[in-house]
Amino acid sequence: MCGIVGCVGVEDTWNCLIGGLKLLEYRGYDSAGMAIVDEKGLHVSKSVGMVRNLEINGRRLPAHGSVGIAHTRWATHGGVTEKNAHPHVDAKGEFAVVHNGIVENHMALRTALESEGVDFQTETDTEIIAHLVARFYEGDLVEAVRLSCKELRGTYGILVVSVKEPEKIVAARMGSPLVLGIGGQGHYVFASDVPAMISRTSQVVYLNDGEVVSASPEGYEIFSLDKTPITPKVESLDQKLESIYLGDFEHYMLKEIFDQPIALTNTMRGRVRPEASDVHLGGARLTVDEIRNLRRVIIVACGTSWHAALIGKYLIEEILRIPVEVEYASELRYRNPIVRPGEDLAIFISQSGETADTLAALRELKRKGARTLGICNVVNSTIAREVHSGIYTHAGIEIGVASTKAFTAQVVTLLLLTVHVGRQRDMSSYFADDVIQDMLKVPNLIDHMLAKECLEQIEKIAAEVVDSGVRNFLYLGRGVNFPVALEGALKMKEISYIHAEGYPAAEMKHGPIALIDENMPVVVIAPKDRIYEKVMNNIQELLARKAKIIAVTTDGNTELEDICQHVLYVPSVSDPVMPLLTVVPLQLLAYYTACLKGLSVDKPRNLAKSVTVE
Ligand code: M6R
């Protein structure tokens, strides 16, 4: 969950580290720190809070220096204090380490080191690594890091620098992402994610688990933990620098809501073939036999991606008539899931492609013989690399912790997959045409939904919510819009800290209706679809109990205006495509509520963008 960055041979070490950290801050933001080595030694600075605090406090560090490493933290072991912030150093202050991951055997290692007389300064698991490297150092930093890694159990992406070899960074990876960026003239940048390096280089090596890398201005080398040299696979980044700039937007979340039209166009680009009433998904690599023999789909994900998975269930069961099970990765991994090789397709949805629970579930289902398919946004992420085949969502870099464009891109990808599989089973060209035509319209429709007057209307509703001091929200939907209700509620919770529950509208009478009174705002997703009449019954039940209803319905359906407090309109499209539109006002409602409450929209408390710990 933490972000790490390091640089070798660059002229502006300090700037490179601070700039990189700012772009990684979505990974964790409770504290930050950096270490720079120059001819005078090892200099360390740490601050609690956002990277901007480090930017102020870390000014005293040398601007240049031969190498530097930095870290932005999401605390796991040890409270949020300056001491516990990374980098961690050994007792003599000769070695410094930043670490992303968790050392699971830290207690045993700590006890062993303490019995050798090591005096620990922090409560973190990472400090162990600094002491281990110091203990193993006999004139070769790579060897000391390699031997230290052999002692560790758990996950790590680490960067190590030392006054003993002041021109060098040694990095190692096991279960936590780490990328080496290759600049010109002996410049190298390491980072946990590519946004931190795209202003410096477009040539990268994605490190694999069990690899150790040494980089200095003379070059770089990669070894396995048993010292076997590894030939690097250098790849080009296709991400554009503009994608990480806010431009005129105040927050990444709003920018990413506005990115949706282009993001979804990119998800569909080169895949939709209207002339053939078909969808081409090269990366899915599903053979005709595999598709025809498919008896069950299992979709595994967490958080917002899990909501997309639930929409996938509606699509695949309704349209393809294939049974689908949707699983929380964190639950599945500790059960004993039943897998039928040759009949089951296991789909793993993850924006980051690094979520620890999803990755563990993938490994478990793969071990049991499932055919696996990934739907990831981050290219070359661990999940994307470990699945048998995959479909990238191509939504572009998502920085706001609250996922928006990644969600709609996941839903589009599931629609594409449904048509792709359906056309090789018994889906008619007429049906495929309808879905394809509606999907193709969506970017334009979202664009119109983001018009100034629509935003103003939602901002006004958010102002009422904030002024009335609302502490609870209910979100209701049915059918394919039930997962949208869950997603709307999650957005509201995570960025505005208002308790919100998503529920199937008809299920309300089995419990949550007890909560309803004139103070309870209820968002009801009620497009004029085939279950509209049923949702209307639920609205009546709410009205009878004086609920304040914010309805989301389709253009032209004015009858709700007389009975609901507010009505938000979305264009009319076919049922399978509808979630792509109904979710947009809910994203905006959460966004404006958080803004008006003066909260940290892009970096909500206690959260991090990708959850790489259990
Ligand atoms: O990267 P992933 O899609 O695997 O992440 C899953 C969840 O952690 C993520 O969707 C989380 O719920 C978001 N903060 C939601 O906005």
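**Entry 1: R371 and E290**

I began with the side chains of R371 and E290, which meet in a salt bridge at 2.9 Å from N to O. The pair links distant parts of the chain, since R371 sits in strand β20 (residues 371-376) and E290 in helix α8 (residues 288-293), 81 residues apart. I noted here that the model is predicted. For the cover on each partner I looked up the relative accessibility: R371 has 15% and counts as buried, because the cut-off for buried is under 20%. E290, at 29%, counts as partly exposed.

**Entry 2: E25 and K603**

I then searched the whole structure for salt bridges, and the search finds 31. One that I followed up joins E25 to K603, with the closest N and O atoms 3.2 Å apart. Which parts of the chain does this pair tie together? I located E25 in the loop between α1 (13-24) and β2 (31-38), and K603 in the segment after α18 (579-596), so the contact ties together parts that are 578 residues apart in sequence. On the accessibility side, I found E25 buried, with a relative accessible area of 6%, whereas K603 is partly exposed at 22%.

**Entry 3: the network around R340**

Next I checked R340 and E343, whose side chains meet in a salt bridge of 3.9 Å, N to O; this value falls within the 4 Å limit for a salt bridge. Salt bridges that share partners join R296, E325, R340, E343 and D344 into one network. I looked up the accessibility of two members: R340 counts as partly exposed at 38%, and E343 likewise counts as partly exposed, at 33%.

**Entry 4: the six-stranded sheet**

Turning to the strands, I traced an open sheet of six, in the order β5-β6-β7-β8-β12-β13, with antiparallel pairing. Which strands lie at the edges? I found them to be β5 (88-89) and β13 (219-224), each of which pairs on one side only. Within this sheet I looked more carefully at strand β6 (residues 95-100) and strand β7 (residues 156-162), which pair in the antiparallel sense over six bridges. To fix the register I took H99, and its bridge partner in β7 is I158.

**Entry 5: β11 and its two partners**

I also followed strand β11 (residues 203-206), which pairs with strand β9 (residues 179-182) in the antiparallel sense over three bridges. In β11, the residue that bridges to G181 is V204. I then asked how many bridges join β11 to strand β14 (residues 235-236). There are two, and these strands also run antiparallel. V204 appears again at this contact, where it stands opposite E235 in β14. Read together, V204 is the bridge partner of G181 and also stands opposite E235, which makes it a convenient residue from which to read the register of β11.

**Entry 6: a negative patch**

Last, I looked for charge at the surface and noted a negative patch formed by E533, E559, E561 and D562. Of these residues I placed D562, which is in the loop between β25 (548-554) and β26 (566-570). Is D562 buried or exposed? At 73% relative accessibility D562 counts as exposed, because the cut-off for exposed is over 50%. I set this beside E25, the acidic partner of K603 in a salt bridge, which is buried at 6%.

How values were computed
Residues numbered from 1 in each chain as written. Predicted model: local features only at pLDDT ≥ 70, side-chain atom pairs only at ≥ 80, totals over all residues. Heavy atoms only, no water. Patch = residues over 30% accessible without salt bridge, like charges linked within 9 Å, V, L, I, M, F, W, Y side chains within 5 Å. Areas by Shrake-Rupley, 256 points an atom, 1.4 Å probe, with all protein chains shown as cover. Lys, Arg positive; Asp, Glu negative; His and termini not counted. Charge placed at Lys NZ, Arg CZ, Asp CG, Glu CD. Helix = DSSP H or I, 4+ residues; strand = E, 2+ residues; numbered from the N terminus. Buried < 20%, exposed > 50% of the residue type's maximum accessible area, 1.4 Å probe, protein only. Pairing = 2+ DSSP bridges.
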